[in-house]
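I opened this notebook to record what I looked up around a bound ligand and in two helix pairs. The entries follow the order in which I went through them.

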Amino acid sequence: MKMVIKATLCTLGVGLAGLAEAADVSAEKVEALIEAAFAHAPAEVRGRVEQDETLRVCTAYRDNPPDDQWDAILEREKARIVYPADGVLMGDWKVALKEANNGYGWRMRDIPERVVGGNCYACHQLTEAEVGYGNLGPSLLGYGKDREIDEELIVATYNKIFNAQSVLPCSQMPRFGSNGFLTPEQVRDYVAMLLDPESPVNK
Ligand code: HEC
């Protein structure tokens with residue numbers, strides 16, 4: 001049984017400290033396996049295998065950090081938010097909606113010219129029309145319809161998408177902007193996708 005679990009861990013190649021514990025394998029062993037699996041990857045990719053301070057804390061506390069660490073994550077991740085140069089935080093919902101189902105990006109041998117997608121559907125319901133979606137995150141259907149759209153909400157939505165952990169430490173949602181996955185301009189398009197009354201999300 002242990003062999004099977006170990007093999008699975010190798011295949012997944014992600015930080016599965018919880019599983020490791022259940023299988024009586026030390027977190028260090030898992031980290032070493034993951035590192036070995038990426039030993040020949042380009043340096044740029046290898047860097048991503050290393051956890052940053054926030055992920056280290058989340059792993060150490062099984063995503064349930066004590067208050068002081070919780071506050072430290074909020075502060076650290078908030079400091080990593082970057083806004084578009086012109087300060088406009090609502091973009092074009094049509095652009096984002098086109099890319100919300102696109103999981104392209106951050107693979108080895110990416111074609112730089114291709115647009116990196118937000119892949120929101122992998123974890124969220126967004127529209128009535130798209131029935132293929134994941135449910136790791138809450139449904140975002142009607143997100144703008146259910147809320148009063150003011151400056152505060154626009155900034156909060158931008159912050160959430162740019163860096164989910166600036167709002168909720170140890171969230172399973174990727175830190176899209178801070179990790180260089182989406183640009184500030186792309187993030188504001190996603191803000192519009194969620195808040196614009198004309199967006200199918202709110203129809
Ligand atoms: C890997 C899964 C995953 C992906 C991909 C993902 N999210 Fe999330 N998202 C979550 C989870 C889990 C939560 C709930 C926990 C939290 O609030 O961080 C969440 C919460 C949110 C919330 C807050 C909802 C609320 O009611 O407070 C918003 C807004 C959001 N996501 C937008 C997006 C957008 C836009 C995208 C695509 C650019 C996206 N998410 C991609 C997992 C994901």
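The entries below begin with the ligand and then turn to the helices, and I keep in mind throughout that this is a predicted model.

**Entry 1: the shell around the ligand.** I first listed the residues around the ligand, which number 21, and noted that C120, C123, H124, K160 and M173 come nearest. I then sorted the shell by class and found 13 nonpolar, six polar and two charged residues. When I asked which helices each supply at least two residues of this shell, I arrived at helix 8 (151–162) and helix 9 (184–195).

**Entry 2: polar atoms facing the ligand.** I looked up the side chains one at a time. For H124, a polar side-chain atom lies 2.8 Å from a nitrogen atom of the ligand. For K160, which is also among the nearest residues, I recorded 2.5 Å between an N or O atom of the side chain and an oxygen atom of the ligand. For S171, a polar side-chain atom is 2.6 Å from an oxygen atom of the ligand.

**Entry 3: helix 8 against helix 9.** Since both helices contribute to the ligand shell, I checked how they pack, and found an angle of about 125° with the axes 9 Å apart. That angle falls neither over 145 nor within 65 to 115 degrees, so I noted the pair as oblique. The crossing of helix 8 with helix 9 is right-handed. On the helix 8 side I wrote down L153, I154, T157, Y158, I161 and F162, which meet P184, V187, R188, Y190, V191, L194 and L195 of helix 9. By class, this contact holds eleven nonpolar residues, one polar and one charged.

**Entry 4: helix 5 against helix 6.** I then turned to helix 5 (residues 53–60) and helix 6 (residues 67–78), whose axes are 10 Å apart at an angle of about 155°. The angle is over 145 degrees, and the two helices are therefore roughly antiparallel. Their crossing is left-handed. From helix 5, E53, T54, V57 and C58 meet Q69, I73, R76 and E77 of helix 6. I counted this contact by class as three nonpolar, two polar and three charged residues.

Notes
Residues are numbered from 1 along each chain as its sequence is written. This is a predicted model: local features need pLDDT of at least 70, side-chain atom pairs count only at pLDDT 80 or more; totals for chains, interfaces and linings use all residues. Side-chain values use heavy atoms; hydrogens and water are left out. Axes are lines fitted to C-alpha atoms, for helices over the stretch in contact, and angles run from 0 to 180 degrees between N-to-C directions. Helices (H or I, at least four residues) and strands (E, at least two) are DSSP runs, numbered from the N terminus. Angles under 35 degrees count as roughly parallel, over 145 as roughly antiparallel, 65 to 115 as roughly perpendicular and the rest as oblique. A crossing is left-handed if the near helix is turned anticlockwise from the far one by less than a right angle, and right-handed if clockwise. Contact means heavy atoms within 4.5 Å. Ala, Val, Leu, Ile, Met, Phe, Trp, Tyr, Cys and Pro count as nonpolar, Asp, Glu, Lys and Arg as charged, and the others, Gly among them, as polar. A residue is near a molecule or strand if one of its heavy atoms lies within 4 Å of it. A polar contact is a pair of N or O atoms within 3.5 Å; within protein, one must be able to donate a hydrogen and the other to accept it, and residues adjacent in sequence count only if both atoms are side-chain atoms.
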